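Please open the structure in your viewer and keep the sequence beside it, so that each selection can be followed in both places. The tour below moves from one stop to the next and says what to select at each.

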Amino acid sequence: MRIAALLLCFAVSASAADRSRAVRAEFMRETPCPSTGAKRGACPGYQADHIQPLCAGGRDAKDNLQWLSEHDHRLKTKRDVAACFGRVHRP
């Protein structure tokens, strides 16, 4: 249940509105999908990840994006959420 609360907090602090489609498209043109080599569209098995999370002050910029496998992205997101949650809610 705690993870669900953390994910909700993360989702609220770094909503889809904080992410630019144009930035992701530019990232894909310069860094094609690892599984297909495509420069646009879906990337099966991989997700674009913000190296420094938006909730920790990371920018939504192509130089702050990387491809991660879906599994690795899930693990990194859990760590990012925990770090951001702790930072935001510490007394």
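**Confidence before detail**

Begin by colouring the chain by pLDDT, since this is a predicted model: the protein averages a pLDDT of 85, and 76% of the residues score at least 70. Select helix α1 (residues 2-13), which has the lowest mean pLDDT among the elements of the protein, 52, and then β2, which has the highest, 98. Where pLDDT is low, the predicted coordinates should not be read in detail.

**First stop: cysteine 33 and cysteine 43**

Next, show the cysteine side chains and look for the disulfides, of which the count comes to 2. A disulfide is a covalent bond between the sulfur atoms of two cysteines. Select cysteine 33 together with cysteine 43, whose sulfur atoms lie 2.0 Å apart and form a disulfide. Looking along this link, you will find 85° about the S-S bond, and the link is right-handed. Both cysteines sit in the loop between α2 (21-30) and β1 (46-50), so the pair ties together parts that are 10 residues apart in sequence. Are cysteine 33 and cysteine 43 buried or exposed? Both cysteine 33 and cysteine 43 are buried.

**Second stop: cysteine 55 and cysteine 84**

Now move the selection to cysteine 55 and cysteine 84, which form a disulfide with their sulfur atoms 1.9 Å apart. This link is right-handed as well, with 75° about the S-S bond. Here the pair links distant parts of the chain, for cysteine 55 is in the loop between β1 and β2 (65-69), while cysteine 84 belongs to helix α3 (residues 70-89), and the two are 29 residues apart. Cysteine 55 has a relative accessibility of 17% and therefore counts as buried, because the cut-off for buried is under 20%. Cysteine 84 is buried too, with a relative accessible area of 5%. If you count the bonded cysteines along the chain, the disulfides follow the pattern 1-2, 3-4.

**Last stop: the largest pocket**

Finally, turn on the surface and find the largest pocket, which has a volume of about 280 Å³. Which of its 14 lining residues should you select to reach the centre? Choose Arg19, Ala48, Asp49, His50 and His73, which are the closest to the centre of the pocket. When you extend the selection to the rest of the lining, notice that β1 and α3 each supply at least two residues. Colouring the lining by residue type divides it into 5 nonpolar, 4 polar and 5 charged residues.

Terms used
Residues are numbered from 1 along each chain as its sequence is written. This is a predicted model: local features need pLDDT of at least 70, side-chain atom pairs count only at pLDDT 80 or more; totals for chains, interfaces and linings use all residues. Side-chain values use heavy atoms; hydrogens and water are left out. A disulfide is a pair of cysteine sulfur atoms within 2.5 Å. Helices (H or I, at least four residues) and strands (E, at least two) are DSSP runs, numbered from the N terminus. Buried means under 20% relative accessible area, exposed over 50%, partly exposed in between (1.4 Å probe, protein chains only). On a 1 Å grid over the protein atoms alone, a cavity is a set of points where a 1.4 Å probe fits but cannot get out, and a pocket is an open set with protein on both sides within 12 Å along at least five of seven lines; lining residues have an atom within 4 Å of a point. Grid points are joined across faces, edges and corners, and a volume is the space filled by probe spheres set on the points. Ala, Val, Leu, Ile, Met, Phe, Trp, Tyr, Cys and Pro count as nonpolar, Asp, Glu, Lys and Arg as charged, and the others, Gly among them, as polar. pLDDT is the predictor's confidence in each residue, from 0 to 100.
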